[in-house]
Amino acid sequence: MTDAIVIGGGPNGLVAANLLADQGWEVVLLEANDQVGGAVRSAEDVADGFVHDTFSSFYPLAAVSPTIQALDLGRWGLEWSNAPAPVGNPMTDGGWAIVHNDPFDTAAALDRMAPGDGESWLKMYDDWRRIERGMVGLLLDPFPPVRSGAALVRHLVGRRGLERIRLLASSVRSLGDRTFQGDAAKMLLATNAQHADISPEGAGSGLMGWLLVMLGQQFGYPVPRGGAGQLSLALARRFEARGGVIRCGERVTGLEVSGGRVIGVRTADELLSVRRAVLADVSAPALYGELLPADAVPAKVKRAMRGFEWDPGTVKVDWALDGLIPWKETPSASPGTVHLADSVDSLSLAAAQIAAGQVPDEPFLLMGQMTTADPTRSPAGTESVWAYTHVPQQIRGDADFTGAWTPDEVERFADRIQDQVERAAPGFTSRIIHRRILAPADLESRNANLVGGAVNGGTAALHQQLVFRPIPGLGRAETPVKGLYLASASAHPGGGVHGACGSNAARAALGHARFARR
């Protein structure tokens, strides 16, 4: 018997396991795959000598996360690397919209494209720095975020406070239009907002775009040197150094519940008993619909879970190139993260097509120039590159794609993605050594939490955030079963590599254990 069992070795599960072990708990972590990492893994499985991140790559939220920073992962082998510029997108009428490392350089470049936008950028960044600490706490702390909320409240009074509240409630299209004159700054906001599944007209998209672009301006878009998996390995090393046990290749098949409390975890081979807590880094539908006995889930939870909404699916293409990407116009500083879209209107159209169940004709591409961000990723003079885009979970009425994602459909859609890159970088295709495509089912087969290729653990739309995540009334890590905590991105605050979902679950378990001893 052990104090706690953590199900799932993704970043949230590893963070939770570390925090429990820090308090002297005996902890066993069970991971279904043959290695830990969840959606934070890397390998040389596209071409020899090229390291590709299988899922996620850039971690601005890790850079700002108090939880990740407090773990001091540098002691356990983690090194961060940054590209010459964090993020940018080529503009259809020439030039680039780029967030430079220095905000004054960003402002100067924007001002050359649209006089006055540089000053507006610096005003936005200055205001971000004033409220950054409170905002990060508001977004990442357990709900309700009492301490960080109190720190933020004083910034939300008076005329400037009303402007900040308006920003938080705005769509990214509205925010960009009233803040900037030129398209470059508007595109920086709008394309960063598309990291979540909210249309440019959707409430909350302004917050997402503003948050990510300001994080990029302050902290960059860092990557782990040597591959995303190095972040997971550092978390694993730290956990094991504190006496934690990791068991890979152990798929959990169910939970044992008695008297309303979780008492054990079943795998294919054994039942493991637990004294204090089980923390589940699994999707909410898997926890309530598969692992828990049906009679342990209240009827109202079952009903609410029928309305749980996944974020769109994902198709990801990895390339090994024999040279750098031949952009039509060379950027003044090469960004690690590149966004490809013609305009805010094209982003709106792609989002509308996805909402209607159709595959976008011109998908928004989120790209990573990984050797640019970290020279260890491939031989000198080459580039390790990926791009991903979103597709509907259920395809309806599309003339070209059925949603079965047959080999033919996968290849044709990868060609559509590649053609879009080729238009922005003529000669791109001629530099390809090898291409690897991961369709929605491929992503899910590599990580069961990515259901249908959903990478955020459920939609990031406001109706499934805060007290509504994963369902109304369960906005914290606690579940209706005593001793059982949801520690995945299906819990508040949702997707992103920040460790907050795991941290919140661990803090809840530790808090209840302290209360029980009184």
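Biologist: Before we start, what counts as a salt bridge here?

Modeller: A salt bridge is a side-chain nitrogen of Lys or Arg within 4 Å of a carboxyl oxygen of Asp or Glu. Keep in mind that this is a predicted model.

Biologist: Got it. How far apart are the closest N and O atoms of Asp 127 and Arg 164?

Modeller: They are 2.5 Å apart, and the two residues form a salt bridge.

Biologist: Which helices do those two sit in?

Modeller: Asp 127 is in helix H5 and Arg 164 is in helix H7, which covers residues 158–169, so the salt bridge ties together parts that are 37 residues apart in sequence.

Biologist: And is Asp 127 buried or exposed?

Modeller: Asp 127 is buried, with a relative accessible area of 16%. Its partner Arg 164 is buried too, at 8%.

Biologist: Nice. How many salt bridges turn up in the whole structure?

Modeller: A search of the whole structure gives 25. One of them joins the side chains of Asp 53 and Arg 377, at 3.1 Å from N to O.

Biologist: Where in the chain are Asp 53 and Arg 377?

Modeller: In distant parts of it: Asp 53 belongs to strand E4 (residues 50–53), while Arg 377 is in the loop between helix H15 (370–373) and strand E16 (383–391). They are 324 residues apart.

Biologist: How accessible is each of them?

Modeller: Asp 53 is buried, with a relative accessible area of 0%. Arg 377 is buried as well, also with 0%.

Biologist: Which residues are linked with them in a network of salt bridges?

Modeller: Glu 79, Arg 225 and Asp 374 are linked with Asp 53 and Arg 377 in that network.

Biologist: What about Lys 186, which residue does that one form a salt bridge with?

Modeller: Lys 186 pairs with Asp 177, and their closest N and O atoms are 3.3 Å apart. Lys 186 counts as buried at 16% relative accessibility, whereas Asp 177 counts as partly exposed at 45%.

Biologist: Switching topic: which residues touch the most other members in the largest nonpolar core?

Modeller: Those are Trp 121, Trp 128, Leu 189, Trp 210 and Met 214, out of 47 residues in that core. Helix H5, residues 117–140, gives the most to this core, with 8 residues.

Biologist: What does Trp 128 touch, leaving out residues up to four places away in sequence?

Modeller: Trp 128 touches Met 135, Val 136, Trp 210, Leu 211, Met 214, Leu 215 and Gln 218. Apart from this core lies another one, of 40 residues, among them Ala 21, Val 27, Val 36 and Ala 487.

Biologist: I was also looking at Gln 420. Where does that lie?

Modeller: Gln 420 is in helix H16, residues 407–424, and it is buried, with a relative accessible area of 10%.

Biologist: What does its side chain reach at 2.7 Å?

Modeller: The backbone oxygen of Pro 363. Not counting residues up to four places away in sequence, Gln 420 touches Leu 340, Glu 362, Pro 363 and Leu 365.

Biologist: Last one, the surface. Which residues form a nonpolar patch there?

Modeller: Leu 466, Val 467 and Phe 468 do, with about 220 Å² of accessible area together. Val 467 is in the loop between helix H17 (440–446) and strand E18 (484–486).

Biologist: How accessible is Val 467?

Modeller: Val 467 is partly exposed, because its relative accessible area is 33% and partly exposed covers the range between under 20% and over 50%.

Definitions and conventions. Residues numbered from 1 in each chain as written. Predicted model: local features only at pLDDT ≥ 70, side-chain atom pairs only at ≥ 80, totals over all residues. Heavy atoms only, no water. Patch = residues over 30% accessible without salt bridge, like charges linked within 9 Å, V, L, I, M, F, W, Y side chains within 5 Å. Areas by Shrake-Rupley, 256 points an atom, 1.4 Å probe, with all protein chains shown as cover. Helix = DSSP H or I, 4+ residues; strand = E, 2+ residues; numbered from the N terminus. Buried < 20%, exposed > 50% of the residue type's maximum accessible area, 1.4 Å probe, protein only. Core = buried A, V, L, I, M, F, W, Y, C linked by side-chain atoms within 4.5 Å. Contact = heavy atoms within 4.5 Å. Polar contact = N/O pair within 3.5 Å; in protein donor to acceptor, adjacent residues only side chain to side chain.
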